[in-house]
Amino acid sequence: MEFTVSNINKFLFFKLPSAYWTGVRMKEISNTTAVTTVKHKWVNQNPFRSMYFAVQAMAAELSTGALVMRKIQESGQKISMLVANNNSSFTKKATGRIYFECVDGALLDEAIAKAIATGEGVTVWMKSIGKNEKGEQVSVMNFEWTLKVKK
C-alpha cells in the first residue's frame with residue numbers, strides 16, 4: 001500500500017472500523033510527521049460533553065502507527081509491530097476538532113535500523129500531542145511500539 005492520506009483512510013474503513021465510524025481520519029503524513037484529526041460529536045462523546053478518551057487514543061495511536069507502518073514498508077524488511085504499553089494525560093476538555101501530531105519519525109528510523117542490524121526486538125516510545133482548533137493542548141499520549149524483524 002502506498003502511504004497516502006486517502007489510502008490510510010480507506011485502510012481505517014476496512015481494518016479499523018470503530019476508529020472510522022467515530023470520525024478518526026488521517027490528515028497528513030510525511031517521512032517525519034503524521035497528523036490525525038477527529039471532531040467531537042454525538043457518536044464519540046462522553047457524559048461530560050467532551051470527546052471520550054478512547055476516541056482520542058485511537059486518533060493518537062493512528063498518528064504513531066501510520067508512521068511505523070510507513071517506515072517498515074520503506075525498510076523493505078518484514079517487521080512485526082505491536083503496542084506494548086501506553087500512557088496518557090488530559091489537560092483540557094476535548095471539544096470541536098482535535099488534531100493529533102506525532103513528530104517521531106527520526107526516533108523510528110533509529111529503532112528500525114537497530115532491529116534490522118541486531119535481529120533482536122526493540123522498543124520505541126512515540127508521543128502524540130492532541131490540540132484543539134485554537135492550538136490549545138488537550139491531551140498527550142505515548143505509545144511504546146515493539147518492532148522485530150520476522151524470520
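Visitor: Let me begin with a single residue: in which strand is Ile29 found, and is Ile29 buried or exposed?

Guide: Bear in mind that we are reading a predicted model, in which Ile29 is part of strand S1. A residue counts as buried when its relative accessible area is under 20%, and Ile29, with a value of 15%, is therefore buried. Sequence and space can also be set side by side for this residue, since Ile29 and Val83 stand 54 residues apart along the sequence and 20 Å apart in space, taken from C-alpha to C-alpha.

Visitor: How many helices and strands does the protein chain have, and what pattern do they follow along the sequence?

Guide: The chain has four helices and six strands, and, read along the sequence, these follow the pattern α-α-β-β-α-β-β-α-β-β. The radius of gyration is 15 Å, close to the 15 Å that the globule rule gives for 151 residues, so the chain is as compact as a globular protein of that length. Taken along the principal axes, the C-alpha atoms fill a box of roughly 50 × 30 × 20 Å, and 42% of the 151 residues count as buried.

Visitor: How should I read a nonpolar core, and which residues touch the most other members of the largest one here?

Guide: In soluble globular proteins, the general tendency is for nonpolar side chains to be buried together. In this model the largest nonpolar core has 37 residues, of which Val24, Val38, Leu108, Met126 and Leu147 touch the most other members. Two or more residues come from each of several elements, namely the helices H1, H3 and H4 (105-118) and the strands S1 (25-29), S2 (34-39), S4 (97-102), S5 (122-131) and S6 (137-149). The element that gives the most to this core is H3, with nine residues.

Visitor: Then H3 deserves attention; how many residues does H3 have, and what follows it?

Guide: As a general point, an α-helix has 3.6 residues a turn, so residues three or four places apart point the same way. Here H3 has 23 residues and reaches 33 Å from its first C-alpha to its last, close to the 33 Å expected at 1.5 Å a residue. After H3 comes Gly76, with a positive phi near 75°. Within the helix lies Ala66, which is buried, its relative accessible area being 2%; the C-alpha atoms of Ala66 and Thr36 are 9.7 Å apart, although 30 residues separate them along the chain.

Visitor: Which residue other than glycine has a positive phi, and is that residue buried or exposed?

Guide: Arg49 is such a case, with a phi near 60°. Arg49 is placed in the loop between S2 and H3, and its relative accessible area of 66% makes it exposed, because the cut-off for that class is over 50%.

Visitor: Finally, how is a pocket found, and which residues are closest to the centre of the largest one?

Guide: Rolling a probe the size of a water molecule over the atoms shows where empty space is left. The largest pocket in this model has a volume of about 260 Å³, and among its 14 lining residues the closest to the centre are Phe11, Leu16, Glu61, Leu62 and Trp145. Helix H1 (5-15), helix H2 (17-21) and helix H3 (53-75) each give two or more residues to the lining, with H3 providing the largest share, six residues. By chemical class, the lining divides into eleven nonpolar residues, two polar and one charged.

Definitions and conventions: Residues are numbered from 1 along each chain as its sequence is written. This is a predicted model: local features need pLDDT of at least 70, side-chain atom pairs count only at pLDDT 80 or more; totals for chains, interfaces and linings use all residues. Side-chain values use heavy atoms; hydrogens and water are left out. On a 1 Å grid over the protein atoms alone, a cavity is a set of points where a 1.4 Å probe fits but cannot get out, and a pocket is an open set with protein on both sides within 12 Å along at least five of seven lines; lining residues have an atom within 4 Å of a point. Grid points are joined across faces, edges and corners, and a volume is the space filled by probe spheres set on the points. Ala, Val, Leu, Ile, Met, Phe, Trp, Tyr, Cys and Pro count as nonpolar, Asp, Glu, Lys and Arg as charged, and the others, Gly among them, as polar. The expected span of a helix is 1.5 Å times one less than its number of residues. A nonpolar core is a set of buried Ala, Val, Leu, Ile, Met, Phe, Trp, Tyr and Cys residues joined through side-chain atoms within 4.5 Å. Buried means under 20% relative accessible area, exposed over 50%, partly exposed in between (1.4 Å probe, protein chains only). The radius of gyration is taken over C-alpha atoms; the globule rule is 2.2 Å times the number of residues to the power 0.38.
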